Amino acid sequence: MTLLARLDRLPLSRPHYKLLLIGGLGYTFDGMDSAVVAFLLPSAKTAWGLDNGQLGLIGSATPFGFLFGAIAAGLLGDRIGRKKVMMYALAFYALFSVIASFSPSYEVFLGARVLAGAGAGAESAIIAPFLSEFVPAKRRGWFVGALAGFFSFGFVAAALIGRFVVPSFDEGWRVAQLVTALPIVMLLWWRRSLPESPRFLLAQGRDAEAETVVAKLERDVEKATGTALPPVPATSSATAQPVTEAPKVNLLSALKFLWSPAMARRTAVIWAVWFVITFSYYGFFSWIPTLLVERGITVTKSFEFSIIIYLAQVPGYFSAAWLSERLDRKHTIALYLAGSAVSAFWLSQMSAPWSITLAGAVLSFFLNGTYAGVYSYTPEVFPTWIRASGTGLSSAFGRVGSILAPTIIGLSSASLGFAGVFGLTTIVLAAGVVCVVVFGLSTAGRSLEELTERGAPAATAKEMTK
């Protein structure tokens with residue numbers, strides 16, 4: 001379609017970077033929300049006299065909410081639009097973060113944390129597919145990988161809040177949650193100016209609205225670059241027609257399509273990679289402060305070492321974003337999963353606090369680099385009409401790993417010990433490497449329509465419209 005060819009030939013410039021910043025700040029707050037809980041648990045335990053079982057429920061509340069939020073965001077994003085879901089999810093997260101900060105009891109706090117997690121999960125699942133639909137094929141890997149890199153800023157900010165805000169006030173754990181929630185009001189105001197995805201509009205048959213969005217983006221890019229726009233290619237991979245008789249997506253129809261013969265291989269690879277990386281990531285980050293304390297480090301010092309480990313996320317994300325366009329997404333994911341496996345084995349052999357911190361920082365680098373590749377890769381393998389649902393369900397399946405990992409690793413540590421726990425993580429990561437190398441799809445430099453709207457996937461979608 002000429003409209004999509006016009007969109008894909010635009011050079012990255014200020015309008016695209018504005019989208020990157022607005023979407024990235026959302027990921028910053030999502031990351032902050034996920035990470036700050038670890039620094040609230042000691043205070044919550046003291047405030048309400050909680051036992052370890054109750055603390056464990058608080059630790060699982062956010063990933064539990066994430067799971068349902070990701071599913072809801074995907075399904076709604078394909079029905080009512082990406083932008084609306086982004087706005088509602090952010091407001092929902094902010095509201096329940098504030099409620100959590102003023103919670104009068106453990107039960108209210110736990111419920112608010114689950115619902116705040118649902119808002120953050122919805123936000124996390126919708127941003128990448130939304131912004132991927134604006135970016136030219138040759139820069140999409142770097143752009144979405146860099147977008148995911150904003151998570152790292154949230155984790156670093158959470159570690160700083162845990163170190164400097166929580167101990168500085170009588171009820172610093174309540175103040176910390178306000179710090180994570182209130183800046184979102186500004187971001188919500190800023191997001192009002194965002195356009196809806198033109199690819200979503202076309203899939204809904206709203207061609208005139210899509211034309212308006214693309215035309216404005218062309219004007220903005222021309223103004224930002226100060227040069228004439230590149231010509232529209234006479235033949236382009238973006239000329240493939242997206243499905244315009246888009247089925248009404250619900251959970252059953254989405255699962256039926258994603259596991260149809262045309263899509264099952266793609267879905268299986270994506271779901272497996274999401275599970276592997278999320279299981280390993282949450283298993284590691286939920287246990288590293290405890291492991292440091294067990295090695296004789298004070299709680300305050302363990303927070304400081306955690307900051308070092310969190311800082312390693314930043315180059316991990318952005319190096320993987322850079323490599324995604326040079327090695328292809330699937331090879332970048334495989335490389336960083338392999339680095340994670342080696343780092344997890346290295347960590348399993350360490351005993352001194354400084355060596356655990358160093359190995360942990362390297363593992364953090366590779367785990368988060370994998371996420372940059374996965375966030376770029378996931379929206380590319382699903383057709384426009386079900387892209388948000390496919391991304392949301394993939395993310396949700398990964399969240400099952402985040403819920404299971406702390407429990408499985410906690411139980412395994414009793415019999416396997418420290419070395420055995422991270423030896424298990426090494427095996428899980430190595431399985432992910434084999435899966436993506438053998439069965440993954442190459443996506444670099446190919447338009448979203450070339451990847452998803454030609455051939456069997458599109459045909460299957462048309463069958464579902466009958």
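Student: What is the volume of the largest cavity in this structure?

Tutor: In this predicted model, the largest cavity has a volume of about 130 Å³.

Student: What makes it a cavity, as opposed to a pocket?

Tutor: A space is called a cavity because a 1.4 Å probe fits there but cannot get out, whereas a pocket is an open set of points. By this rule, two cavities of 30 Å³ or more are counted here.

Student: Which residues lie nearest the centre of the largest cavity?

Tutor: Phe 151, Phe 155, Tyr 282, Tyr 371 and Arg 399 do, out of 14 lining residues. Two or more lining residues come from each of helix 2, helix 6, helix 12 (264-294) and helix 16 (353-377).

Student: How do the lining residues of the largest cavity divide into nonpolar, polar and charged?

Tutor: Eight are nonpolar, four polar and two charged. Phe and Tyr count as nonpolar and Arg as charged, so Phe 151 and Tyr 282 belong with the nonpolar residues and Arg 399 with the charged ones.

Student: And what lines the second largest cavity?

Tutor: That space of about 30 Å³ is lined by Ser 124, Ala 125, Trp 274, Tyr 375, Thr 391 and Ser 395. Helix 5 (106-132) and helix 17 (387-439) are the elements that give two or more residues to this lining.

Student: How do the residues lining the second largest cavity divide by kind?

Tutor: Three are nonpolar, three polar and no charged. Ala, Trp and Tyr count as nonpolar, and Ser and Thr fall among the polar kinds, so Ala 125, Trp 274 and Tyr 375 make up the nonpolar part, while Ser 124, Thr 391 and Ser 395 make up the polar part.

Student: How much space lies in the second largest pocket?

Tutor: About 380 Å³ of space lies there. Its lining has 14 residues, and the closest to its centre are Pro 15, Lys 18, Lys 216, Leu 217 and Asp 220. Helix 2 and helix 10 (207-225) each give two or more residues to the lining, and helix 10 gives the most, with six.

Student: Which kinds of residue line the second largest pocket?

Tutor: The division is eight nonpolar, one polar and five charged.

Student: Let's turn to the helices. How do helix 2 and helix 6 cross?

Tutor: The axes of helix 2 (residues 14-48) and helix 6 (residues 140-165) come within 6 Å and cross at roughly 35°. The residues of their contact divide into 22 nonpolar, eight polar and one charged.

Student: Why is the crossing of helix 2 and helix 6 called right-handed?

Tutor: A crossing is right-handed if the near helix is turned clockwise from the far one by less than a right angle. Helix 2 passes helix 6 in a right-handed crossing.

Student: Is Ala 157 buried, exposed or partly exposed?

Tutor: Ala 157, in helix 6, has a relative accessible area of 22%. Buried means under 20% and exposed means over 50%, so Ala 157 is partly exposed. The C-alpha atoms of Ala 157 and Val 36 are separated by 8.6 Å, though the two are 121 residues apart along the chain.

Student: What makes Ile 161 buried?

Tutor: Ile 161 also lies in helix 6, and its relative accessible area is 7%. The cut-off is under 20%, so Ile 161 is buried. Ile 161 and Met 32 are 129 residues apart in sequence and 9.3 Å apart in space, C-alpha to C-alpha.

Student: Why is Glu 133 called buried?

Tutor: Glu 133 sits in the loop between helix 5 and helix 6. With a relative accessible area of 0%, it is buried, because the cut-off is under 20%.

Student: How do you know that Glu 133 and Arg 82 make a polar contact?

Tutor: The limit for a polar contact is within 3.5 Å. The side chains of Glu 133 and Arg 82 are joined by one of 2.8 Å, and a polar contact of 2.4 Å joins the side chains of Glu 133 and Ser 197.

Student: What is notable about phi of Asp 328?

Tutor: Phi of Asp 328 is near 80°, a positive value in a residue other than glycine. Asp 328 is in the loop between helix 14 (313-327) and helix 15 (329-348), and at 9% relative accessibility it counts as buried.

Definitions and conventions: Residues numbered from 1 in each chain as written. Predicted model: local features only at pLDDT ≥ 70, side-chain atom pairs only at ≥ 80, totals over all residues. Heavy atoms only, no water. Axes fitted to C-alpha atoms, helices over the stretch in contact; angles between N-to-C directions. Helix = DSSP H or I, 4+ residues; strand = E, 2+ residues; numbered from the N terminus. 1 Å grid on protein atoms, 1.4 Å probe; cavity = no way out; pocket = protein on both sides within 12 Å on 5 of 7 lines; lining within 4 Å. Points joined across faces, edges and corners; volume = space filled by probe spheres on them. Buried < 20%, exposed > 50% of the residue type's maximum accessible area, 1.4 Å probe, protein only. Polar contact = N/O pair within 3.5 Å; in protein donor to acceptor, adjacent residues only side chain to side chain.
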